[in-house]
Amino acid sequence: MKPVESNYLAFLREPCGKTGPLVGAKDCFRTTAPCGGMPAMEPLVTIMGGYKYNITFQKNLCHYNPKMPGTLDVYLGNGKGKDMKMMKLKTIMDTNTTSPYLYVVEVMIPDEPMPHAVLQVVYNTSNPQAPPMFYQCSDFRIEKSHKGQ
């Protein structure tokens, strides 16, 4: 399989918003770690490790707390399930955005082969009026680039 040569990865194992209006849709209420209760999917895309990629993900409903802003954290894991070890790639401070809001964030993908990589975004709301965390994931493979060899 030839690795993806684009530098964009889009998110979601299963898109939400099928149960009604997208903003606040019940099927977007994904608060169970590690991936919002969505089962792992077989990776359909292979990317080359050792490069920067822009990933796109959505904050469905803004839970911004001006007194203590939350974060959106991007992680990379290898494997499936709750015992997956996650490595933090990026943290973005929450801001008072429109709902829904699309983020495009650049991350460096390590040059390590992973037959089942998982990119995870965790929205830590820091808002006592909202759930503490929301989760979304994407499944793919990472192939070693062999740069410089």
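Where does Pro 34 lie? In this predicted model, Pro 34 is found in the loop between strand 1 (8-10) and strand 2, and the legends below begin with that proline.

**View 1. Two cis peptide bonds, each leading into a proline of a loop.** The peptide bond that joins Ala 33 and Pro 34 is cis, with omega at about 0°. A second cis peptide bond joins Ser 99 and Pro 100, and here omega is about -10°. Pro 100 has its place in the loop between strand 5 (86-93) and strand 6. These bonds deserve a careful look because most peptide bonds are trans.

**View 2. Ser 126, a residue with a positive phi.** Ser 126 is not a glycine, yet its phi is positive, near 50°. The residue sits in the loop between strand 7 and strand 8, and with a relative accessibility of 28% it counts as partly exposed. As background, most residues other than glycine have a negative phi.

**View 3. The disulfide between Cys 35 and Cys 137.** The structure holds one disulfide, in which the sulfur atoms of Cys 35 and Cys 137 are 2.0 Å apart. The angle about the S-S bond is -80°, and the link is left-handed. Cys 35 belongs to the loop between strand 1 and strand 2 whereas Cys 137 belongs to strand 8, so the bond ties together parts that lie 102 residues apart in sequence. Cys 35 is buried, with a relative accessible area of 3%, and Cys 137 is buried with a value of 3%. Another cysteine, Cys 62, is buried with a relative accessible area of 18%.

**View 4. An open sheet of five strands.** The strands of this sheet follow the order 2-8-7-4-5, and their pairing is mixed. Strand 2 and strand 5 stand at the edges with a single partner strand each, so one side of each has no neighbour in the sheet. From one strand to the next, the twist averages 35°. Strand 2 and strand 8 run parallel and are joined by three bridges, and Thr 46 stands opposite Arg 141 in strand 8.

**View 5. The largest nonpolar core, centred here on Ile 142.** This core has 21 residues, and among them Phe 57 and Ile 142 touch the most other members. Several strands each supply at least two residues of the core, including strand 3 (51-59), strand 4 (71-78) and strand 8 (133-143), while strand 7 gives the most, with five residues. Leaving aside residues up to four places away in sequence, the contacts of Ile 142 include Ile 47, Leu 76, Ile 109, Met 114 and Ala 117.

**View 6. Three of the five salt bridges.** Glu 106 forms a salt bridge with Lys 52, and their closest N and O atoms are 4.0 Å apart. This pair links distant parts of the chain, with Glu 106 in strand 6 and Lys 52 in strand 3, 54 residues apart. Glu 106 counts as partly exposed, at 41% relative accessibility. In a further salt bridge, the side chains of Asp 73 and Lys 88 meet at 3.8 Å, N to O, and they connect strand 4 with strand 5. Asp 73 is buried at 4% relative accessibility, whereas Lys 88 is partly exposed at 47%. Lys 144 forms a salt bridge with Asp 111, at 3.9 Å between the closest N and O atoms. Because Lys 144 lies in the segment after strand 8 and Asp 111 in the loop between strand 6 and strand 7, this pair ties together parts 33 residues apart in sequence.

Terms used. Residues are numbered from 1 along each chain as its sequence is written. This is a predicted model: local features need pLDDT of at least 70, side-chain atom pairs count only at pLDDT 80 or more; totals for chains, interfaces and linings use all residues. Side-chain values use heavy atoms; hydrogens and water are left out. A nonpolar core is a set of buried Ala, Val, Leu, Ile, Met, Phe, Trp, Tyr and Cys residues joined through side-chain atoms within 4.5 Å. Buried means under 20% relative accessible area, exposed over 50%, partly exposed in between (1.4 Å probe, protein chains only). Helices (H or I, at least four residues) and strands (E, at least two) are DSSP runs, numbered from the N terminus. Contact means heavy atoms within 4.5 Å. A disulfide is a pair of cysteine sulfur atoms within 2.5 Å. Two strands pair if DSSP finds at least two bridges between them. Axes are lines fitted to C-alpha atoms, for helices over the stretch in contact, and angles run from 0 to 180 degrees between N-to-C directions.
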